[in-house]
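Work through these exercises with the structure open beside you. Each task is followed by a worked solution.

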Amino acid sequence: MIWMVGVLLLFIFQTATILIGEYKRPAKTVAWLFVLFILPIIGFLMYYFLAKEYTQRKTVRRKGRRRSSEARHQWLGRGSHNQERIEEQHYQLFEDSRLCGLLHNIPGSAISPNNRVEVLTNADVTYEAMLEAIEKAEKHIHFEFYTIRHDAIGTRFQEALIRKALQGVKVRVIYDGIGSYSLSSAYIDRFKQAGIEVYPFLRPLIAFFDKRMNYRNHRKIIVIDGLVGFVGGINIGDEYLGGDPKLGFWRDTHLMLNGDSVYYLQTTFMTDWLFVSGERLADDSMYPEHHESETSLVQVISSGPDAYWDAIQEMFFAGIVAAKKRVYMTTPYFIPDASITMALKTAVLSGVDVRIILPYKADSRIVQYASRSYLLELMQAGVQFYLYRKGFMHAKVMIIDHMMATVGTANVDMRSFFSNFELNAVMFNQDVIDRLEDDFWMDLKDSDELKLAEFEQRSRLEKGKEVIARLLSPLF
């Protein structure tokens with residue numbers, strides 16, 4: 001009898017710990033309680049090691065961000081002068097005061113006026129543009145990816161970076177300890193032997209015992225000499241070139257940036273570098289003066305569990321709410337939180353054309369089941385979903401009216417919004433938006449619309465799998 005009371009008290013303690021620790025996010029509370037119910041004790045140990053709020057080194061990271069921002073603003077901080085130019089260039093953005101107010105109040109980010117944006121469709125084009133830019137580097141190369149693989153394309157990038165390092169270019173590399181867990185020590189040693197500084201962002205074992213296993217650096221950044229930058233959905237691996245026999249053709253979108261926006265990519269890399277290496281890079285050479293003549297408006301937004309704001313999630317929400325005619329999305333993982341779900345439903349019920357392309361083929365079955373558990377209520381409201389059949393849809397794009405579009409590393413899921421370190425670029429110029437829209441309509445041709453009547457006919461087994469995946473989805 002006594003042991004039963006002890007077990008009950010232990011279960012109450014574990015439950016109370018989760019309720020108190022996750023009170024801000026009810027969805028995560030339910031998910032962890034479900035895990036605890038299925039796996040007593042083990043579930044609580046998983047919670048203890050995986051779910052801790054990311055509080056370590058916040059002060060260091062914010063201090064690094066302030067220092068690097070000061071250096072950046074020597075070139076960029078022209079305040080009202082830039083603001084006047086932005087208003088002249090894109091009056092439509094300022095017709096929606098709520099969207100304008102949110103975007104202008106995102107900490108550490110601003111809409112910059114002097115940029116050239118090139119949309120890069122798929123990895124073959126993107127990799128060639130990256131390698132060409134690397135070859136032209138004269139002073140430094142900053143290279144940060146969630147996944148780097150020791151395969152054919154990974155070796156090609158390694159050789160390009162080593163060649164530049166031997167020419168005297170300073171090369172710094174960051175890879176995520178979990179996203180690149182299979183990266184061989186031989187690959188990393190070759191970097192170090194060439195004088196390249198390379199660091200992981202949270203090694204798996206360290207992250208586990210430091211209770212930060214759940215937090216991943218999902219960013220993909222290249223900065224060349226502080227003048228050319230790349231950001232988007234593409235990592236370094238043969239699968240992005242169609243090398244995965246299961247997924248086949250890989251559909252993705254990336255950006256090449258020149259101009260003011262590169263300073264923000266640089267700042268993000270430098271902040272991450274301070275975290276992984278302890279070295280502060282904030283000096284004038286990181287932000288050279290550029291002479292970009294094109295005037296595309298770009299806002300680079302970073303987010304992560306170390307920040308007070310969920311900036312990318314709030315940008316998505318504000319954009320959807322501001323839409324008057326259309327919301328077009330492509331995303332490989334669709335696990336929206338309650339606010340994004342409500343924004344989409346409100347938009348479509350208000351007459352906005354909402355279309356979302358998801359992959360037909362999945363790289364994770366449980367994530368696919370979780371995604372489909374969110375579709376029914378949105379389809380019933382009028383949201384149109386399409387399944388991409390040509391291969392694997394990995395592009396992360398959102399288009400709002402003719403007003404704004406965003407491309408970056410964040411999926412439309414709770415992990416990207418609340419747990420990962422992410423980076424998105426928001427564009428406001430019509431030629432860029434038109435190019436992304438053209439790609440969207442081409443992708444629609446390679447997709448089949450998911451019909452509500454057919455979707456409702458799925459089996460009880462499928463629905464059951466979706467229910468379980470839905471309960472766990474805040475943890476994916």
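**Exercise 1. Which residues of β17 point one way, and which the other way?**

Solution.
- Step 1. This is a predicted model, and β17 covers residues 404–408.
- Step 2. Sort the side chains. Met-404, Thr-406 and Gly-408 point one way from β17. Ala-405 and Val-407 point the other way.
- Step 3. Check burial on both faces. Each of these residues is buried.
- Step 4. Conclude. Because 5 of the 5 residues of β17 are buried, the strand is largely enclosed by the rest of the structure.

**Exercise 2. Find the strands that pair with β17, and give the sense of each pairing.**

Solution.
- Step 1. Start with β16, residues 397–400. β16 and β17 are antiparallel partners with 4 bridges. Ile-400 sits opposite Met-404.
- Step 2. Look at the connection. The two strands make a hairpin, with 3 residues between them.
- Step 3. Turn to β19, residues 422–427. It also runs antiparallel to β17, again over 4 bridges. Here Ala-405 has Met-427 as its bridge partner.
- Step 4. Extend past β16. Strand β11, residues 326–330, joins β16 through 4 antiparallel bridges. Val-327 is partnered with Ile-400 in this pairing.
- Step 5. Place the strands in the sheet. It is open, has 9 strands and mixed pairing, and follows the order β1-β10-β19-β17-β16-β11-β13-β14-β20. Its edges are β1 (111–112) and β20 (447–449), each paired on one side only.

**Exercise 3. Examine Asp-401 and Asp-225. Is each buried or exposed?**

Solution.
- Step 1. Locate Asp-401. It lies in the loop between β16 and β17.
- Step 2. Read its backbone. Its phi is near 50 degrees, a positive value in a residue other than glycine.
- Step 3. Apply the cut-off for burial, under 20% relative accessible area. Asp-401 has 6%, so it is buried.
- Step 4. Repeat for Asp-225. This residue is in the loop between β6 (221–224) and β7 (228–232). Its phi is near 55 degrees, again positive in a residue other than glycine.
- Step 5. Asp-225 has a relative accessible area of 11%, so it is buried too.
- Step 6. Compare with the record. An unreviewed UniProt entry annotates residues 213–240 and 389–416 as "domain: PLD phosphodiesterase". Over residues 389–416 the chain is 46% strand and 11% helix, with its end C-alpha atoms 24 Å apart.

**Exercise 4. Trace the chain around helix α8. What do its buried residues pack against?**

Solution.
- Step 1. Take the length. Helix α8, residues 152–166, spans 21 Å between its first and last C-alpha atoms. That is close to the 21 Å expected for its 15 residues at 1.5 Å a residue.
- Step 2. List buried positions. Among them are Ile-153, Phe-157, Leu-161 and Ile-162, along with Gln-158 and Lys-164.
- Step 3. Find their partners. The buried residues pack against α7 (123–135), β3 (140–145), β4 and α9.
- Step 4. Leave the helix. Just after α8, Gly-168 has a positive phi of about 105 degrees.
- Step 5. Follow the pairing of β4 (residues 170–176) with β5 (residues 197–201). These strands run parallel and share 5 bridges. Val-173 is opposite Val-198. The chain passes from β4 through α9 (residues 185–193) to β5, a right-handed β-α-β crossover.

**Exercise 5. Which residues have the most contacts inside the largest nonpolar core?**

Solution.
- Step 1. Recall the general trend. In soluble globular proteins, nonpolar side chains tend to be buried together.
- Step 2. Identify the core. It has 94 residues, and Phe-143, Phe-334, Leu-344 and Phe-385 have the most contacts inside it.
- Step 3. Inspect Phe-385. Beyond its neighbours within four places in sequence, its contacts include Phe-334, Ile-356, Leu-358 and Met-379. Asp-448 and Glu-449 are also among them.
- Step 4. Note the second core. It is separate, has 30 residues, and includes Val-223, Val-298, Val-397 and Leu-423.

**Exercise 6. Is Trp-441 buried, exposed or partly exposed?**

Solution.
- Step 1. Place Trp-441 in helix α17, residues 430–445.
- Step 2. Use its relative accessible area. At 34%, Trp-441 is partly exposed.
- Step 3. Look for contacts outside its neighbours within four places in sequence. These are Tyr-328 and Arg-355.
- Step 4. Check the separation. Trp-441 and Tyr-328 are 113 residues apart along the chain, and their C-alpha atoms are separated by 9.7 Å.

Conventions
Residues are numbered from 1 along each chain as its sequence is written. This is a predicted model: local features need pLDDT of at least 70, side-chain atom pairs count only at pLDDT 80 or more; totals for chains, interfaces and linings use all residues. Side-chain values use heavy atoms; hydrogens and water are left out. UniProt positions are given in the numbering used here, feature names are shortened, and annotations may be inferred rather than shown by experiment. Two strands pair if DSSP finds at least two bridges between them. A crossover is right-handed if, with the strands pointing away from the viewer, the path from the first strand over the helix to the second runs clockwise. The expected span of a helix is 1.5 Å times one less than its number of residues. Buried means under 20% relative accessible area, exposed over 50%, partly exposed in between (1.4 Å probe, protein chains only). Contact means heavy atoms within 4.5 Å. A nonpolar core is a set of buried Ala, Val, Leu, Ile, Met, Phe, Trp, Tyr and Cys residues joined through side-chain atoms within 4.5 Å.
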